[in-house]
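Work through the exercises below with the model open beside you. Try each task before reading its solution.

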Amino acid sequence: EYAGIVEKSVKTVLTKEGNLDLGVCAKKMEGNSWVVWYSFQVAYNAIDESVMEEELECFKDEVLDYIDSNEDNLTTPVMNAALKATDGNDLAAIAEAYDNLQENFAAVAALQKAGEDLMGVEAYYETASASVQKAYDAFFEKLDSFEKLTTEQVNALIQDAKDIMEVIRIP
């Protein structure tokens, strides 16, 4: 309060015309009780829709170009999800699809490296236990059809390769 006259609260009025009136009201004055008053014009300035559409199309093209240039190193479920996202106009979904493509590409590269690492210990296959041999064979069966896997499944297969590498007996 100011000298017992002005309330601590502020009154606001937003009119249909877009005017926002702010003021501090007096509680002990007669008549017009506004002590301080200011009016603002409220406006929303949206992005030009044509610019947004252009940006969206450019981003879709970027996703499609990424798929075209990396198709051999991406899995089908992730590519299909990205293609589906580019059919729509949901920028967040397209951005997520692009991130998923990049993550999938990195996982596939790591999977290929894990396969090469396991091929490097193939000479020790015969001396490995039956369960290790079975895991080794299962890994390469899955590796042959990696393109059907999701990124999560690719990462699980990479972990399988790491686990096999830890237990294979190298004399």
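Contact here means heavy atoms within 4.5 Å. The model is a predicted one.

**Exercise 1. Which residues does V154 touch, leaving out those up to four places away in sequence?**

Step 1. Apply the contact cut-off of 4.5 Å between heavy atoms.
Step 2. Drop residues up to four places away in sequence.
Step 3. Read off the partners of V154: T75, A107, V108, L111 and L149.

**Exercise 2. Describe the overall layout of the protein.**

Step 1. Count the elements: the protein has three strands and five helices.
Step 2. Put them in sequence order, which gives β-β-β-α-α-α-α-α.
Step 3. Check burial: 29% of the 171 residues count as buried.
Step 4. Check contact range. Take contacts between residues at least 6 apart in sequence; 51% of these join residues at least 24 apart.

**Exercise 3. Classify the packing of α3 (residues 91-119) against α5 (residues 151-167).**

Step 1. Two packed helices are described by the angle between their axes and the distance between the axes.
Step 2. For α3 and α5, the axes come within 9 Å and cross at roughly 25 degrees.
Step 3. Angles under 35 degrees count as roughly parallel, so α3 is roughly parallel to α5.
Step 4. The crossing of α3 past α5 is left-handed.
Step 5. List the contact residues. From α3 they include A107, V108 and L111, and from α5 they include V154, L157 and I158.
Step 6. Sort the contact of α3 with α5 by class: 12 nonpolar, four polar and two charged residues.

**Exercise 4. Do the same for α1 (residues 49-70) and α3.**

Step 1. The axes of α1 and α3 are 11 Å apart, at an angle of about 20 degrees.
Step 2. The two helices, α1 and α3, are therefore roughly parallel to each other.
Step 3. Their crossing, α1 with α3, is left-handed.
Step 4. Among the contact residues are F59, K60 and V63 of α1, with I94, Y98 and F105 of α3.
Step 5. By class, α1 with α3 gives 12 nonpolar, two polar and two charged residues.

**Exercise 5. What angle do α3 and α4 make, and which class of packing follows?**

Step 1. The axes of α3 and α4 cross at roughly 140 degrees and come within 11 Å.
Step 2. Over 145 degrees would count as roughly antiparallel. The pair α3 and α4 is therefore oblique.
Step 3. α3 passes α4 in a left-handed crossing.
Step 4. On the α3 side, L111, A114, G115, L118 and M119 meet Y136, F139, F140 and L143 of α4.
Step 5. The contact of α3 with α4 has eight nonpolar residues, one polar and no charged ones.

**Exercise 6. Which members of the largest nonpolar core touch the most other members?**

Step 1. In soluble globular proteins, nonpolar side chains tend to be buried together.
Step 2. The largest nonpolar core has 21 residues.
Step 3. L111, L118, Y136, F139, F140, V154 and I164 touch the most other members.
Step 4. Assign the suppliers: α3, α4 (130-144) and α5 each give at least two residues of this core.
Step 5. Look for another core. A second, separate one has 14 residues, including F59, L74, A97 and Y98.

**Exercise 7. Is T86 buried or exposed?**

Step 1. Locate T86 in helix α2 (residues 76-87).
Step 2. Buried means under 20% relative accessible area. T86 has 10%, so T86 is buried.
Step 3. Beyond its neighbours within four places in sequence, T86 is in contact with K60, V63, L64 and I94.

How values were computed: Residues are numbered from 1 along each chain as its sequence is written. This is a predicted model: local features need pLDDT of at least 70, side-chain atom pairs count only at pLDDT 80 or more; totals for chains, interfaces and linings use all residues. Side-chain values use heavy atoms; hydrogens and water are left out. Axes are lines fitted to C-alpha atoms, for helices over the stretch in contact, and angles run from 0 to 180 degrees between N-to-C directions. Helices (H or I, at least four residues) and strands (E, at least two) are DSSP runs, numbered from the N terminus. Angles under 35 degrees count as roughly parallel, over 145 as roughly antiparallel, 65 to 115 as roughly perpendicular and the rest as oblique. A crossing is left-handed if the near helix is turned anticlockwise from the far one by less than a right angle, and right-handed if clockwise. Ala, Val, Leu, Ile, Met, Phe, Trp, Tyr, Cys and Pro count as nonpolar, Asp, Glu, Lys and Arg as charged, and the others, Gly among them, as polar. A nonpolar core is a set of buried Ala, Val, Leu, Ile, Met, Phe, Trp, Tyr and Cys residues joined through side-chain atoms within 4.5 Å. Buried means under 20% relative accessible area, exposed over 50%, partly exposed in between (1.4 Å probe, protein chains only).
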